Amino acid sequence: MILERIIDLLQLPFMQRALWAGIFTGGMAGALGSFTILRQLSFFSDALGHSALLGISLGIILGLNPSVMLLPFAVVFALGVTYLLEHTRLWTDALLNIIYSASLAVAVILLSMSDRYQGGLNNLLFGDILAVRPADLVMSGTLCALVGIFILLTLRVQLLITVNEALAVARGAAVGIQRLLFITLLALVVAVSIKTVGVLLISAFVVIPACGARLWSRQFSQYVVLAALVGVSSAIVGMLLSAGMNWPSGPSIVVCQLAFFLGSIAINALRGAWLHRGQKSPTG
C-alpha cells in the first residue's frame, strides 16, 4: 500500500520537482557543510536560516516575490554579519545569538502586521518542498552547478584556509576574497534550501550530513564528496518516506540525516571496540 502510494506520487510533476529540489539542495548543503563545521561556522548557518524569515517578511511587506527577495537579502545579511564578526570585540556565539533571535522576532512581527501572506507559518518554519515551482528548480540546479565548480576550482585553497589560515596568507592566497565567496555561496544555498526544510531545520540540514560523513572520511576531498552524497541520499529517502507515510517533507529529510549520523556513531563505536579487543594480548 505504501509502495503503491509512493509510485503513484512519483508520477506527478510536483513530486518529481520536489525530489530533484531535494537532491540539488541536499548535495549543496552537504558539500558546503563539510567546510562549515571544520571552520566552526555551524552557528553562522543557523543565524542565516533565521534571517531568511526576515527576508521573506520584507518581501511580503514590500509586495515583492519572497523567493526573489530572499536571495539578495541573504547575501547582504551574510556579508553584514561577517563584517560585524571581524570588526567587533564581542564573542562570536553571543553576537550570532543576538542576530538570529532578533531577526526571528522582527520577522514574526512583520508577518503579523501583513495580510498579504497567504501561506502558513508552518511552511516557512519547516519547509514545503512540494510547493517547488519549475523556476525554483532551475535556480537550485544552477546554484548546485556553481557550488560544484567553486569546490573543484578552489578545493586546495579552501582546504588550506580551513586547516591553517596563516599559512594560506603566507602562500599568497587571497583569503579575504575566498572567504567572501564561500560565505556568499553558503548564504545562497541556505536561502534556496529554506523551501526544502524551512527556517528552523536549515542548520541541521547543513551540519548533520557533514558530521556523519566526517566519521567515515580520512581525506578531505573524500569527506566533501561523501558529505554531498549523504545530503543527496537523505533527501531522496526522506522524500520517499514523506510520500509513503504522509509525513512533512522537511522533518522527514532531517530525520534521515540524523539516522545516518547516529548509525555512523554506533558502527564506529562497535568497530573501535572490536579493534581494541583484537589488539589485546591473550594474557592481557
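## Helix numbering and the aromatic cluster

Helices in this report are DSSP runs of H or I with at least four residues, and they are numbered from the N terminus. The model is a predicted one. In helix 11, phenylalanine 220 and tyrosine 223 are three residues apart, about one turn of the helix. Their rings form an edge-to-face aromatic pair, with 6.0 Å from centre to centre and 70 degrees between the planes.

A pair of aromatic rings is described by the distance of the centres and the angle of the planes. Five aromatic pairs are present in the structure. One of them joins phenylalanine 35 to phenylalanine 220, whose ring centres are 5.2 Å apart and whose planes meet at 65 degrees, so that this pair too is edge-to-face. Because phenylalanine 35 belongs to helix 2 (residues 13–38) and phenylalanine 220 to helix 11 (residues 220–245), the pair ties together parts of the chain that are 185 residues apart in sequence.

Ring pairs link Phe35, Phe182, Phe220 and Tyr223 into a cluster. Phenylalanine 35 is buried, with a relative accessible area of 1%, and phenylalanine 220 is likewise buried, with a value of 13%. Tyrosine 223 counts as buried because its relative accessibility of 1% falls under the 20% limit.

## Arginines over the rings

Two members of this cluster also have an arginine placed over the ring. Arginine 39 lies over the face of phenylalanine 182, at 4.7 Å from the ring centre. In the case of tyrosine 223, the charged end of arginine 214 sits over the ring, 5.5 Å from the centre.

## The second largest pocket

Arginine 39 also belongs to the lining of a pocket. The second largest pocket has a volume of about 350 Å³. Its lining is made up of 14 residues, and those closest to the pocket centre are Arg39, Leu41, Glu86, Glu165 and Arg179.

Which helices each supply at least two residues of the lining of the second largest pocket? Helix 4 (66–87), helix 7 (134–163) and helix 9 (175–197) do so. Sorted by class, the residues that line this pocket comprise six nonpolar, four polar and four charged ones.

## Cysteines

A disulfide is a covalent bond between the sulfur atoms of two cysteines. The structure holds zero disulfides. For cysteine 144, which is in no disulfide, the nearest cysteine sulfur is that of cysteine 256, 19 Å away. Cysteine 211 is also in no disulfide, and there the nearest cysteine sulfur, again that of cysteine 256, is 17 Å away. Because two cysteine sulfur atoms must lie within 2.5 Å to count as a disulfide, neither the separation of 19 Å for cysteine 144 nor that of 17 Å for cysteine 211 meets the limit.

Are these two cysteines buried, partly exposed or exposed? Cysteine 144 is partly exposed, with a relative accessible area of 24%, and cysteine 211 is also partly exposed, with a relative accessible area of 24%.

## Loops beside helix 11

Asparagine 246 is placed in the loop between helix 11 and helix 12 (249–279). Most residues other than glycine have a negative phi. The phi of asparagine 246, by contrast, is near 60 degrees, a positive value in a residue other than glycine. At 58% relative accessibility, asparagine 246 counts as exposed, because the limit for that class is over 50%.

Tryptophan 216 lies in the loop between helix 10 (202–214) and helix 11, and it is partly exposed, with a relative accessible area of 32%. From the C-alpha atom of tryptophan 216 to that of valine 189 the separation is 24 Å, the two residues being 27 residues apart along the chain.

## Buried positions in helix 2 and helix 7

Threonine 25 is found in helix 2, where it counts as buried at 0% relative accessibility. The C-alpha atoms of threonine 25 and glycine 212 are separated by 17 Å, with these positions 187 residues apart along the chain taken as their sequence distance.

Isoleucine 161 lies in helix 7, one of the helices that supply at least two residues of the lining of the second largest pocket. The relative accessible area of isoleucine 161 is 7%, and the residue is therefore buried. Between the C-alpha atoms of isoleucine 161 and alanine 174, which are 13 residues apart along the chain, the separation is 9.7 Å.

Key: Residues are numbered from 1 along each chain as its sequence is written. This is a predicted model: local features need pLDDT of at least 70, side-chain atom pairs count only at pLDDT 80 or more; totals for chains, interfaces and linings use all residues. Side-chain values use heavy atoms; hydrogens and water are left out. On a 1 Å grid over the protein atoms alone, a cavity is a set of points where a 1.4 Å probe fits but cannot get out, and a pocket is an open set with protein on both sides within 12 Å along at least five of seven lines; lining residues have an atom within 4 Å of a point. Grid points are joined across faces, edges and corners, and a volume is the space filled by probe spheres set on the points. Ala, Val, Leu, Ile, Met, Phe, Trp, Tyr, Cys and Pro count as nonpolar, Asp, Glu, Lys and Arg as charged, and the others, Gly among them, as polar. Rings of Phe, Tyr and Trp (its six-membered ring) pair if their centres lie within 6.5 Å; planes under 30 degrees apart count as stacked, over 60 as edge-to-face and the rest as tilted. Buried means under 20% relative accessible area, exposed over 50%, partly exposed in between (1.4 Å probe, protein chains only). A charge sits over a ring if NZ of Lys or CZ of Arg is within 6 Å of the ring centre and within 35 degrees of the ring normal.
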